[in-house]
Amino acid sequence: MSGKTIRFGIIGCGLMGREFASAAARWCHLLDAPARPEIVAICNRSKEPLDWFTSNIPSIEQVTHDYRELLGNDQIDALYVAVPHHLHEEIYCAVIRAGKHLMGEKPFGIDKAANDAILDCIAEHPEVFVRCSSEFPFFPAVQRIGEMIEANAFGQIIEVKAAFLHSSDLDPQKPINWKRMVDLNGEYGCMGDLGMHICHVPFRAGWVPRNVRAILSNIMRKRPDSTGAMVPCDTWDNATLLCDAVDPGNGDAFPMTLETKRIAPGEKNTWCLEVIGTQASARFSTKNPKQLNLLEIKHGQQVWGQVEMGQETAFSNLTGGIFEFGFSDAILQMWAAFLYELEHGQPLTKFAGCVTPEETAFSHRLFTSALRSHHSATVVVV
Ligand SMILES: NC(=O)c1ccc[n+]([C@@H]2O[C@H](COP(=O)([O-])OP(=O)(O)OC[C@H]3O[C@@H](n4cnc5c(N)ncnc54)[C@H](O)[C@@H]3O)[C@@H](O)[C@H]2O)c1
């Protein structure tokens, strides 16, 4: 590992801020990382979450409730911003204007107007490296699917399905939080929360939807607030998007189904991808992280086989090759990809790169069209 250190600040020290801090703390797990993140500053609006950071991360020198204080700190090279969606535009733009590299969280702006403003800001500051978080493509099985896409191993694409399925909102008594409020989470609802995760691989493959027919559901219309009173819960819980996508290899169209569901009984953070082609097909779900299902045509026979996956990671690490891979491993790999691309100016491989700002812009076009499609019950051009 090279000795280069990138000094990071974190704005938003909740669920995801902690995941990054934990990944940075076990950076020694990576064997040939291009650089090392060091967390030197943290910012959170409220005090409580900061205590975990200050008791666990000795390199922290600055602690504040006002993110603007981090922007003026010349000891900070890069910022990870993991705050509610209504703050993305303001804080991401401020970070970029301050000349700090940025890892932003999805959906990268609460709506298309916010995303447009962030992309305009990036265009004005080409010296700043900006990417969006999305960790699931770093599961070894998905990296393998990426290699197959690059090698045209699927032949002509017949159909693609990608889904991200939760059941965390099945309990009607689960108290409402910012992720269930349109003002703070956005009109996209579950698409804004979960959609970028499932668009990442298809968009990187060049499978960009031309049009969409979306069906959105608000299943739990009320939830208790912190006092127990039932209040409106106005975000979309589930979304099914049937898209007409184009294979850039041959210009042929194929159906691509994208599902984001907060209420999918039986599922617990299940990310899955299915690619059906004329020469091969692949299925993967994080439900079975060790299993990659591959259909190959052998001697005229159609044979579904299971490849046992271990630690065939993009960025090598010290875990034994036979051991299984998990969520926090994906987070570590994603951060290695961010630092690799920051250092080298390009990703390690096509599918071992973080989401680009342009890919977030595609997702906003898609989700905005999906809202219009649902409201008009028609197919909408993306
Ligand atoms: N990549 C993933 O897998 C993944 C998973 C969950 C959430 N996210 C995304 O991460 C972002 C944050 O989500 P989370 O789950 O960590 O939320 P969270 O509610 O756990 O944390 C957000 C934190 O931001 C703080 N905050 C709010 N306003 C602030 C301000 N003005 N200045 C500083 N701090 C402020 C809050 O106090 C809170 O601690 C969202 O964009 C969300 O979509 C990504």
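**Reading a predicted model: ligand shell, helix α9 and strand β2**

Mentor: This model is predicted. By class, the residues that form the shell around the ligand comprise 11 nonpolar, six polar and five charged.

Trainee: How many residues surround the ligand, and which are the closest?

Mentor: The ligand is surrounded by 22 residues, and the closest are Gly-12, Gly-14, Met-16, Arg-45 and Glu-105.

Trainee: Let us turn to helix packing. How is a pair of packed helices described?

Mentor: Two values serve for packed helices: the angle between the axes and the distance between them. Here, helix α1 (residues 15–25) and helix α9 (residues 327–344) have axes that come within 9 Å and cross at roughly 75 degrees. That angle makes α1 roughly perpendicular to α9, because angles of 65 to 115 degrees are classed in this way.

Trainee: Which residues make the contact between α1 and α9?

Mentor: From α1 come Glu-19, Phe-20, Ser-22 and Ala-23, and from α9 come Ser-328, Ile-331, Leu-332 and Trp-335. Five residues of this contact are nonpolar, two are polar and one is charged.

Trainee: What span should α9 have, given its number of residues?

Mentor: At 1.5 Å a residue, its 18 residues should span 26 Å. The C-alpha atoms at the ends of α9 are 26 Å apart, which agrees.

Trainee: Which residues of α9 are buried, and what covers them?

Mentor: A general point assists here: an α-helix has 3.6 residues a turn, so residues three or four places apart point the same way. In α9, the buried residues include Asp-329, Leu-332, Gln-333, Trp-335, Ala-336, Leu-339 and Leu-342. Their cover includes α1 and the strands β1 (5–11), β2 (36–43), β5 (101–104) and β6 (130–132). Just after α9, Gly-345 takes a positive phi of about 80 degrees.

Trainee: Strand β2 appears in that cover. Is Ile-39, which lies in β2, buried or exposed?

Mentor: The criterion for burial is 20 or more other C-beta atoms within 10 Å. Ile-39 has 23 C-beta neighbours inside 10 Å, and therefore counts as buried. Beyond residues up to four places away in sequence, Ile-39 touches Phe-8, Ile-10, Ala-21, Ala-24, Ile-57, Ser-59 and Ile-60.

Trainee: Where is Ala-41 placed, and which residues is it in contact with?

Mentor: Ala-41 is also in strand β2, and is buried, with 22 other C-beta atoms within 10 Å. Leaving aside neighbours within four places in sequence, Ala-41 is in contact with Gly-9, Ile-60, Glu-61, Gln-62, Leu-70, Asn-73 and Ile-76. Sequence separation and spatial separation should be read together. Ala-41 and Arg-7 are 34 residues apart along the chain, with their C-alpha atoms separated by 8.6 Å. For Ile-39 and Thr-235, 196 residues apart in sequence, the C-alpha atoms are 34 Å apart.

Trainee: Which residues other than glycine have a positive phi?

Mentor: Asn-269 is one of them, with a positive phi of about 60 degrees. Asn-269 is in the loop between β12 (253–261) and β13 (270–277), and is partly exposed, with 15 other C-beta atoms within 10 Å. Ala-377 is another residue other than glycine with a positive phi, near 55 degrees. Ala-377 lies in the loop between α10 (357–376) and β17 (380–381), and is exposed, with 9 other C-beta atoms within 10 Å.

Trainee: Finally, which residues does the cis peptide bond join?

Mentor: That bond joins Lys-106 and Pro-107, with omega about 5 degrees. Pro-107 is in the loop between β5 and α5 (112–124).

Terms used
Residues are numbered from 1 along each chain as its sequence is written. This is a predicted model: local features need pLDDT of at least 70, side-chain atom pairs count only at pLDDT 80 or more; totals for chains, interfaces and linings use all residues. Axes are lines fitted to C-alpha atoms, for helices over the stretch in contact, and angles run from 0 to 180 degrees between N-to-C directions. Helices (H or I, at least four residues) and strands (E, at least two) are DSSP runs, numbered from the N terminus. Angles under 35 degrees count as roughly parallel, over 145 as roughly antiparallel, 65 to 115 as roughly perpendicular and the rest as oblique. Two residues are in contact if their C-beta atoms, placed from the backbone, lie within 7 Å. Ala, Val, Leu, Ile, Met, Phe, Trp, Tyr, Cys and Pro count as nonpolar, Asp, Glu, Lys and Arg as charged, and the others, Gly among them, as polar. A residue is near a molecule or strand if its C-beta atom, placed from the backbone, lies within 6 Å of it. The expected span of a helix is 1.5 Å times one less than its number of residues. A residue is buried if 20 or more other C-beta atoms lie within 10 Å of its own, exposed if 12 or fewer, and partly exposed in between; C-beta atoms are placed from the backbone.
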